[in-house]
Amino acid sequence: MNHDMRKKSFVVSVAAASLLVGIIAGFFAAHRVMSDMAGMKSSGEMKGHEMEGMQMEGTKPMEGMESIPGMSGAPSEAVAVPAVARQLIGVRSATAAQATLVEEIRTVGTVGYDERGFTQVTLKITGWVREVFVDSIGRPVRKGEPLFTFYSPDLLATQDEYLLALKTRAQLDASPLDEVKANADALVASSRERLRLWDVTDAQIAALERRGQAEPVLTVYAPSSGIVMKREALPGKYVEPGTTLYEIADLSTVWIHAEIYESEVAATKVGQPATITFAAYPGKSFHGKVAYVYPMLNTEARTVRVRLEFPNPELKLKPGMYGNVTLQTDAVKTLVVPKEAVLDTGLRHLVFMDRGQGRYEPAVVKLGRRSQDYVEVMEGLKEGDRVVTSANFLLDAEGKLTSASSMQAMMGRIGMADWQMRGAYEAKMEGMSGMQGMKGMKGMSGMPGMAPGSGKAISESRSAAGYVLTLTTLPETPKAGDVLLRLKLTDQAGQPVTDAQVTFVYTMPMPGMTESKITAHHTKEGLYEGKVMFGMGGTWVVTATVTIPGQPPITEKFQFSVIGAGM
């Protein structure tokens, strides 16, 4: 009985090995025949009627060959990818749909004072400062509050002239000559106007009239309310006309200056809402609007300056503070696709349309506005079209190749150029003895991404900016396909952080590989989870970006191996 079992197992193994060898040999024979035929046709060695009469005796058309890239009847611009290759490279699609698009313009801004509420305190006559009441920078003052006292010989003489003019007018009031009365009135008006031009207030002139005696020292009052930004008034200081003694800024409203890129100018308009956040106020946003877009362009940075206006009743926004600005453009309902679907060639923008059954066609599109995750399609697509959102650069490379002369060329186009057919064949032949019952196809272990391979459980911790980031996966040893990335976030005291925003960007460190992005969600006790799709086995790099309110973003890279999917 045991002898018969061994004999049957041996027969099955030999049959399986023969079948696999036949498949591979047939594949190479088909490629060689097609290559030879193509070469003969191009060199003129065979005419069209000769090709039509040519039949291969004892052979039938190879079914399923149309599913191999480069061997289908699809037009040259289309790309046909078999199911196995689609799984390996992780092709995913999304539908072009109508959606509300809100473009966000992100930049940084610096707080400054409102220039319309900026005042300088100067004198128009020479003299000396006597007593100073507002004696420090940063102090708030109210309009009409006394700032300092001032002595000026010229001002004292003008007061005496004014009193004399008043006295003269009183004496001539009973004169029968109207011209004399008019001259007396003109002298009084002239003296009064000179006092006003020297910033003597009406209340001070009235007090002078009641007192009947010149005041050698006059008080200078604040012309407006605000914060003292500069102070040069010192007791005993001699000043001349035009000397700035105080600068007062009204900070109840502040200006914030930001720089936007040249390409964002068309989407920025006066009156648009703006939001700014500061590290000084974690979790708090301040809201304002665009007040002015400057007409000049910074030719070195290719940016345009924008002035934003923010109310500041509590004086929390202080000149010189630095914050993150977000400008909200007008929301419009339009046709959008994910940003990942678009390939920028430099001269045009391409998307790959998913025609089903593994067939993809490139389409030129005209793009419009962009949001954080989506882009507007103005021409080239219609609602309901399915477009490729991942591995599209591989499809673009596939479309540029005219034929697949060997399995190595085909696998090289999908990012697996390290698979050598000879090595895979030899490894398969060496593993034939282990093919018992065709279970597991152990002989395929030499093909990257096609066998379980080796791996280890992922658990790696990093410390950054006072926080600890620990990355794990589910399953613990990641395999090609869907994998749950899990990031544990704690502070220095070991307490979980539950109010962060976590994103994962993952890719293979290979030339031309695009990045995929997923937003993680908080589940419990500082644990953030996000499901990703690893298209094949090999080395993968995962970049975790953690944004904690009021803190600069934390970015850490994790590199690990993923086990192949197996057959």
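This section describes four parts of a predicted model: helix 4, the strands paired with strand 26, and the surroundings of Thr275 and Gly144.

Helix 4 comprises 19 residues, 153–171. At 1.5 Å a residue, a helix of this length should span 27 Å, and the end C-alpha atoms of helix 4 are 27 Å apart, so the expected and computed spans agree. The buried residues of the helix are Leu155, Thr158, Gln159, Tyr162, Leu163, Ala165 and Leu166. Viewed down the axis of helix 4, these buried residues fall within an arc of 155 degrees and therefore line one face of the helix. An α-helix has 3.6 residues a turn, so residues three or four places apart point the same way. On the other side of helix 4, Leu164, Lys167 and Gln171 are exposed. The cover over the buried residues of helix 4 includes helix 5 (178–197), helix 6 (202–211) and strand 9 (217–221).

Strand 26 (residues 481–491) pairs with strand 25 (residues 467–474) in the antiparallel sense, over eight bridges. The two strands form a hairpin, with six residues between them. Within this pairing, Leu474 has Leu484 of strand 26 as its bridge partner. Strand 26 is also joined to strand 29 (residues 527–534) by eight bridges, and these two strands run antiparallel. Here the bridge partner of Asp482 is Met533 in strand 29. Strand 26 thus has bridges to strand 25 and to strand 29.

Thr275 lies in strand 14, which covers residues 273–277. Its side chain makes a polar contact with the side chain of His287, at 3.5 Å. Apart from residues up to four places away in sequence, Thr275 touches Ser285, Phe286, His287, Phe310, Asn324, Val325 and Thr326. His287 is accordingly listed both as a polar partner of Thr275 and among the residues that Thr275 touches.

Gly144 is placed in the loop between strand 7 (140–141) and strand 8 (146–151). With a relative accessible area of 41%, Gly144 falls between the limits of 20% for buried and 50% for exposed residues, and is therefore partly exposed. Leaving aside neighbours within four places in sequence, Gly144 is in contact with Tyr221 and Ala222. The C-alpha atoms of Gly144 and Pro223 are separated by 6.3 Å, although the two residues are 79 residues apart along the chain.

How values were computed. Residues are numbered from 1 along each chain as its sequence is written. This is a predicted model: local features need pLDDT of at least 70, side-chain atom pairs count only at pLDDT 80 or more; totals for chains, interfaces and linings use all residues. Side-chain values use heavy atoms; hydrogens and water are left out. A polar contact is a pair of N or O atoms within 3.5 Å; within protein, one must be able to donate a hydrogen and the other to accept it, and residues adjacent in sequence count only if both atoms are side-chain atoms. Contact means heavy atoms within 4.5 Å. The expected span of a helix is 1.5 Å times one less than its number of residues. Buried means under 20% relative accessible area, exposed over 50%, partly exposed in between (1.4 Å probe, protein chains only). The arc is that of the directions from the helix axis to the C-beta atoms. Two strands pair if DSSP finds at least two bridges between them.
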